[in-house]
Amino acid sequence: MLSGVHSEPDLTGIARLAAESDLLEARRVVRYFEIDTRSALNRVRSGMPFTYSLNPYRGCEFGCKYCYARYTHEFMELRESEDFENKIYAKRNLVPILAGELRKVRPGEIIAIGTATDPYQPAERRFGRTRAILEMLAGHRGLSVSVTTKSDLIRRDVALLAKVAEHNTVTVNMTITTLDVSLARELEPKAPRPDLRLRAVRDLADGGIHVGVFPNPIMPLITDQEARLNGLAKAAREHGARYFGGGPLFLTASTQRVFFPFVAKRYPQLLRRYRERYENDAYLKGPYLDMLRARLARVRAAHGLAAAPTMRQQPTDEAQGRLF
Ligand code: SF4
């Protein structure tokens, strides 16, 4: 077993764990490591549509230009922009740690799998961390679980997700930012094509899973046109999606370093406006948000789609007080 990627002697915390992690497998550019896990569930700040996040991997090979999670690799002192997509860490011992932590989850609290990195990225084909979690959750009752991905690898687990859904609430958010294959390839270089993601939506819906499409992040003047959103919502509905999310792009400094060169190359005429909008504030504000909200409402109404999952946790007999 080879050692990890660092040799610095004074690293602490997660950076130290990363430095000491075992190299599991190397494939040309991408290297896979195993990293110790201290906790599985991460309680998120209030205002989010879920209570806990759960990410089986650190880093994500899909390498989306807009990925907001790039900064998470900086906690491990991995600061090159390619590190996030080329050094992938599979978390060790997730299942036993999660089993212990589930005792603190209250009825109706939502566990969101895949909020910072994709749980069905290529590493999952090799290491099966997400599948192991779902197998464990299938033995529980009364949980609310959501999975967010842009990978059709989730088709592998449709039957397992249905099993989890027998006694828990399960929703799947499939992220599709555009139906334009060439744009998708540039924006999300290693993610499955949009049509493959739609096929996964169809399989999930046919498998009885409550599934929706997230066009997030919606990128001003790139993917926010009403005709584009309308086409995407129509395709989502035709493939069995029940809801259509929608949130605007936000760009932290570490993401700007990757996204702006993409804009400069593909949309040079937009670069100045992007810089003006985002350089001093990662979040868009003002009338644009109202316009986008109204546009999404029209698009959803045209296709009979909700804005978010419509399922709500139904407390089970044993969900009085604690879940277990
Ligand atoms: S799939 Fe998600 S986590 Fe992975 S690179 Fe793209 S945006 Fe980031």
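**Strand β10, the ligand shell and the salt bridges**

In this predicted model, T175 stands opposite F214 of strand β10. This contact belongs to the pairing of β10 with strand β9, which covers residues 169–175. The two strands run in the parallel sense and are joined over 5 bridges. Strand β11 (residues 243–244) also pairs with β10, again in the parallel sense, here over 2 bridges. Within that pairing, V213 stands opposite F244 of β11. Between β10 and β11 the chain passes through helix α10, residues 226–238, and the resulting β-α-β crossover is right-handed.

Where does β10 itself sit with respect to the rest of the structure? Of its 5 residues, numbered 210–214, 5 are buried, so the strand is largely enclosed by the rest of the structure. The burial applies to both faces: H210, G212 and F214 point one way, V211 and V213 point the other way, and all are buried.

Turning to the ligand, the residues around it include the stretch members C60, F62, G63, C64, Y66 and C67. The remaining residues around the ligand are F84, A116, T117, D118 and K150. By class, this shell divides into 7 nonpolar, 2 polar and 2 charged residues. Two of the cysteines can be described further. C60 counts as buried because its relative accessibility is 7%, under the 20% limit. C64 is likewise buried, with a relative accessible area of 7%. As for covalent sulfur links, the structure holds 0 disulfides.

Salt bridges, by contrast, number 23 in the structure. One of them is formed by E34 and R92, whose closest N and O atoms are 2.9 Å apart. E34 belongs to strand β2 (residues 30–35), whereas R92 lies in the loop between β6 (87–91) and α4 (94–101), so the pair ties together parts that are 58 residues apart in sequence. The acidic partner of this bridge, E34, is buried because its relative accessible area of 15% falls under 20%.

Helix α10, the connection between β10 and β11, carries a salt bridge of its own. Here the side chains of K234 and E238 meet, with an N to O distance of 2.9 Å. Both residues lie in α10 and are 4 residues apart, about one turn of the helix. How accessible are the two partners, K234 and E238? K234 is partly exposed at a relative accessible area of 41%, and E238 is partly exposed as well, at 48%. Elsewhere, salt bridges that share partners join E124, R131, E135, R156 and D157 into one network.

Within that network, the side chains of R156 and D157 meet in a salt bridge with an N to O distance of 2.9 Å. The surroundings of these two residues can be read from their accessibilities. R156 counts as partly exposed because its relative accessibility is 34%, in between the 20% and 50% limits. D157, on the other hand, is buried, with a relative accessible area of 0%. This bridge therefore links a partly exposed arginine to a buried aspartate.

Definitions and conventions: Residues numbered from 1 in each chain as written. Predicted model: local features only at pLDDT ≥ 70, side-chain atom pairs only at ≥ 80, totals over all residues. Heavy atoms only, no water. Buried < 20%, exposed > 50% of the residue type's maximum accessible area, 1.4 Å probe, protein only. Pairing = 2+ DSSP bridges. Right-handed = clockwise from strand over helix to strand, strands pointing away. Near = heavy atom within 4 Å. Nonpolar A, V, L, I, M, F, W, Y, C, P; charged D, E, K, R; others polar. Salt bridge = Lys/Arg side-chain N within 4 Å of Asp/Glu carboxyl O. Disulfide = S-S within 2.5 Å.
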